[in-house]
Amino acid sequence: MKMYPFIAAILLGIFLTAVVIPVVDGAELICEYCKRPITGEYIQVDGKCYHPEHFLCEKCRKPIGTGQYYKENDKYYCMSCYQTLFAPRCAYCNRPINGEYIQHDGKSYHKECYDRHVALRCALCGEIIQGRYIVDFWGNVYCAKHEGKIPQCESCGRFISQQVTNGGFEMADGRHICGICLRTAVVEFDEASHLLDVVRGHLDRAGIVIKQEAITLHLVDQRELREVSPSHWPDQLGIAVFEEYEADTYRLRTFDVYILSGLPRIKFIAVAAHELMHVWQYLESPRGNNAALCEGSCQYAASLVLQNYAGKEVEYNLTSIANDPSEMYGEGFRRVRRLIEKKGLGGWLDVLRTEKNFPAGY
Ligand SMILES: [Zn+2]
Ligand SMILES: [Zn+2]
Ligand SMILES: [Zn+2]
Ligand SMILES: [Zn+2]
Ligand SMILES: [Zn+2]
Ligand SMILES: [Zn+2]
């Protein structure tokens with residue numbers, strides 16, 4: 001939430017007018033300009049006297065007479081020269097400002113120029129923003145009053161509306177997806193399965209090799225995800241489940257990755273990387289890592305895989321991962337990042353293999 005820096009002000013240059021005074025009999029007045037005596041009428045400005053036709057504008061040298069003048073550094077200017085030389089200029093049209101103006105971001109504007117060309121307008125209602133407002137990651141600006149009244153897309157944070165997202169969609173399980181995210185939504189199993197392989201390939205090339213185990217992918221809705229997830233929380237997008245059966249003669253391990261259907265492609269990729277990192281940890285450090293180390297590492301794997309892609313949506317997901325306020329995911333990610341800055345990717349994977357916790361100092 002931001003406050004709009006909005007100041008309306010009046011230009012400070014004060015204009016003055018000279019008056020014509022009749023010469024009193026016997027007074028000896030000398031014109032400041034031509035140095036000749038004055039008879040008849042004269043103009044007095046700051047204690048100095050001028051023939052009415054000799055009170056001149058410093059710039060254009062035309063008589064100001066009893067018209068408006070401005071004083072700057074002890075010199076006198078007619079109104080139009082003063083404006084040209086000294087008046088603040090509108091940062092939009094570059095013409096001098098005289099009268100009401102708007103100051104914004106250290107720049108001055110004619111009120112009209114500001115309203116028409118500079119003012120922030122709400123992406124939803126089109127009104128000029130006054131007072132509190134919201135800016136989303138994508139640069140859309142909204143009046144604060146719309147918050148909570150218009151659904152926001154769970155994948156990108158935009159307000160779902162015709163104007164901003166070209167509409168949107170409420171899924172059968174109650175999730176909201178905007179028209180923009182819908183364009184790349186992963187809903188087909190074949191596409192999901194292909195993307196999971198691609199993500200596994202990215203991890204592989206980064207040195208995070210999942211040892212030849214079959215992984216079964218399930219594309220599910222929120223209700224189905226809740227069924228397999230023992231400690232489900234509202235914005236959970238996926239889960240990796242392992243099961244081990246041991247009998248006298250055999251040992252069977254299964255790996256199931258569940259990911260919500262309908263995530264935009266880039267989000268799906270991030271979730272797939274996260275869940276695959278759980279699989280890797282299960283195989284490589286079966287003693288189980290501390291929650292922040294474990295989830296932070298999965299988030300780090302997601303950010304690592306996202307770096308193979310480009311675009312604003314990638315940036316959005318990377319920013320969300322890095323700025324996540326949660327102790328387990330966000331703080332876990334930032335601690336893992338510090339660890340990798342010092343020890344490198346190989347050092348991080350070694351820590352996961354050999355420790356249950358962050359080493360001291362992280
Ligand atoms: Zn004179
Ligand atoms: Zn002038
Ligand atoms: Zn202007
Ligand atoms: Zn609005
Ligand atoms: Zn969206
Ligand atoms: Zn996780």
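G131 sits in the loop that links α2 (111–118) to β13 (132–135), with helices (H or I, at least four residues) and strands (E, at least two) taken as DSSP runs numbered from the N terminus. The model is a predicted one, so local features are kept at pLDDT of at least 70 and side-chain atom pairs at pLDDT 80 or more, while totals for chains, interfaces and linings use all residues. Residues are numbered from 1 along each chain as its sequence is written, and chains are lettered from A and ligands numbered from 1 in the order in which they are written. G131 counts as exposed because just 10 other C-beta atoms lie within 10 Å; the cut-offs are 12 or fewer for exposed, 20 or more for buried and partly exposed in between, with C-beta atoms placed from the backbone. From G131 to C143, 12 residues on in sequence, the C-alpha to C-alpha distance is 8.2 Å.

Zooming out, the protein has 10 helices and 21 strands. Its radius of gyration is 36 Å, against the 21 Å or so of a compact globule of 362 residues; the value is taken over C-alpha atoms, and the globule rule is 2.2 Å times the number of residues to the power 0.38. The C-alpha trace spans about 135 × 45 × 30 Å along the principal axes. Of the 362 residues, 30% are buried.

The domain assignment, which is automatic or from a database, gives domain 1 (132–182) and domain 2 (185–354). Their centres, over C-alpha atoms, are 27 Å apart. Domain 1 puts 12 residues into the contact and domain 2 puts in 11, where contact means C-beta atoms, placed from the backbone, within 7 Å. On the domain 1 side, eight of these are nonpolar, two polar and two charged; Ala, Val, Leu, Ile, Met, Phe, Trp, Tyr, Cys and Pro count as nonpolar, Asp, Glu, Lys and Arg as charged, and the others, Gly among them, as polar.

Back at the level of single strands, β9 (residues 68–72) and β10 (residues 75–78) run antiparallel and share four bridges; pairing takes at least two DSSP bridges. Y69 has C78 of β10 as its bridge partner. The two strands make a hairpin with two residues between them, and N73 in the turn has a positive phi of about 50°.

As for confidence, pLDDT (the predictor's confidence in each residue, from 0 to 100) averages 88, with 94% of residues at 70 or more. Among the elements, helix α5 (residues 189–205) has the highest mean, 97, and strand β2 (residues 7–10) the lowest, 36. Over residues 1–13 pLDDT stays under 50.

Conventions:
Contact = placed C-beta atoms within 7 Å.
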